[in-house]
Amino acid sequence: MKRVLLVLLALMGLAVAQKPKVVVATGGVGGVYFYYGTTLAEIWNKAGVAEAQAIQTAASIDNLLLLETRTGGGTYYCGTVLPDSAYLAYTGQHERFRERPAKSARILFAMYPNYLHLVTREGSGIRVVQDLKGKRVSTGAPGSGTEVEALLVLQAAGLSPKDFAKQERLGAQESANALSEGSIDAFFWSGGLPTGAITELSAALARKGQRIYLVPLDPKSTVVQTFSRRFPGLAGPGVIPKSVYGTRADTPTLTFWNLFLCPESLPAEAAYALTKATFENLPALRQAVAAAKDTSPENAVRFVGGTIPYHEGALRYFREIGALK
């Protein structure tokens, strides 16, 4: 009996030792990444599959740098990342990954589509992307996927930040505050629907007798057609319904499917357990984060066979449930 007890205690100790420590790199407060990543950490802790902690970051590029450089010590850095940032980092085309491409990045699952917002107010004189010339514009926080997307769209429009009267590099909440206070004229933001900081901005402007305006990125426009030719497969068409932020009309824009990435070094059993816990707790995730309505097993595997590989542990789970043949 004593021997059996010792064996059981040893096995319990082994199970505890094998529980991975996972740091979930998210984004700025006010953006969906922060709430999505925080909820994932809570789900994993409650399910007992990891000792998980969510941290605030500047989002995609910062998260990839953490994933690539913070290795060893028994702690694994995972993170929410935009596909364009992931692609440029993995292939070494992004300036911060030219010497060391993010080759250890592995997809656990695709999360939900980000909608590119180009936010201003009615009466600003900004109706199309080219109207940003001579304006005060925030292109997103340094190291964020928003900044990457903003610069790609500006490039397609024949512009650069040098054409602005002033460039700011602010996150969602800071950008919304600056627009409300009148210190900038417009800002870019890539996020799920709704993004809390923009919902609050719309209400703040309404209290001042003003109205939010989202600049359309129509699929037929020269900017979007040029973008699609230069960066094929990176984005698709989407619409931000007028009901989301109280705009006068639905706004056509570009959508980018967000990815949840972990390092290849994360043990396959751990990757399997994290993925399983996520998809067995979708109601809790969707209740906490509206954008997670698009997180599903079918959408999760939409990038299988693409440039960035999936983690073998995650693939095992998706094969088990029939989402992947």
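This report walks through some strands, a helix and a group of aromatic rings in a predicted model.

**A strand with several partners**

Let us begin with strand β4, which covers residues 105-121. How many of its residues are buried? The count is 17 of the 17, so strand β4 is largely enclosed by the rest of the structure. As general background, side chains in a regular strand alternate between the two faces of the sheet.

Strand β4 pairs with other strands, and the table lists three of these pairings. Each row gives the partner, the number of bridges and one pair of residues that stand opposite each other.

| Partner of β4 | Bridges | Residue in β4 and its opposite |
|---|---|---|
| β10 (residues 251-263) | eight, antiparallel | I107 and L261 |
| β7 (residues 186-191) | five, antiparallel | H117 and W189 |
| β8 (residues 212-214) | three, antiparallel | R121 and I212 |

**Strand β10 and its other neighbours**

Now follow strand β10 from the table. Is it buried or exposed? In β10, 13 of the 13 residues are buried, so this strand too is largely enclosed by the rest of the structure.

Besides its bridges to β4, strand β10 pairs with strand β3 (residues 75-81) in the antiparallel sense, over three bridges. You can find this pairing at V81, whose bridge partner in β10 is L259. Strand β9 (residues 236-240) also runs antiparallel to β10, and five bridges join the two. Here, G236 has T255 of β10 as its bridge partner.

**Helix α10**

Next, look at helix α10, made of the twelve residues 268-279. From its first C-alpha to its last, helix α10 reaches 17 Å, close to the 16 Å expected at 1.5 Å a residue.

Nine of the twelve residues of α10 are buried, so the helix is largely enclosed by the rest of the structure. Which residues are these? They are A270, A271, Y272, A273, L274, T275, A277, T278 and F279. It helps to know that an α-helix has 3.6 residues a turn, so residues three or four places apart point the same way.

What covers the buried residues of α10? The cover includes strand β1 (21-25), helix α2 (32-47) and our earlier strand β4, together with helices α11 (282-288), α12 (297-300) and α13 (312-320).

**Aromatic rings**

A pair of aromatic rings is described by the distance of the centres and the angle of the planes. In this model the count comes to eleven aromatic pairs. One of them joins F279 and F318: the ring centres are 5.4 Å apart and the planes stand at 75 degrees, so the pair is edge-to-face, since planes over 60 degrees apart count that way. This pair links distant parts of the chain, because F279 belongs to helix α10 and F318 to helix α13, 39 residues apart. Both F279 and F318 are buried.

F318 also pairs with Y317. Their ring centres lie 5.6 Å apart and their planes are at 65 degrees, so this pair is edge-to-face as well. Y317 and F318 are both buried.

These rings belong to one aromatic cluster, formed by W44, F109, F260, Y272, F279, Y317 and F318.

**Charges over rings**

To finish, find two places where a charged side chain lies over a ring. K103 lies over the face of Y90, at 4.2 Å from the ring centre. The charged end of R302 sits over the ring of W257, 4.0 Å from its centre.

Conventions. Residues are numbered from 1 along each chain as its sequence is written. This is a predicted model: local features need pLDDT of at least 70, side-chain atom pairs count only at pLDDT 80 or more; totals for chains, interfaces and linings use all residues. Side-chain values use heavy atoms; hydrogens and water are left out. Buried means under 20% relative accessible area, exposed over 50%, partly exposed in between (1.4 Å probe, protein chains only). Helices (H or I, at least four residues) and strands (E, at least two) are DSSP runs, numbered from the N terminus. Two strands pair if DSSP finds at least two bridges between them. The expected span of a helix is 1.5 Å times one less than its number of residues. Contact means heavy atoms within 4.5 Å. Rings of Phe, Tyr and Trp (its six-membered ring) pair if their centres lie within 6.5 Å; planes under 30 degrees apart count as stacked, over 60 as edge-to-face and the rest as tilted. A charge sits over a ring if NZ of Lys or CZ of Arg is within 6 Å of the ring centre and within 35 degrees of the ring normal.
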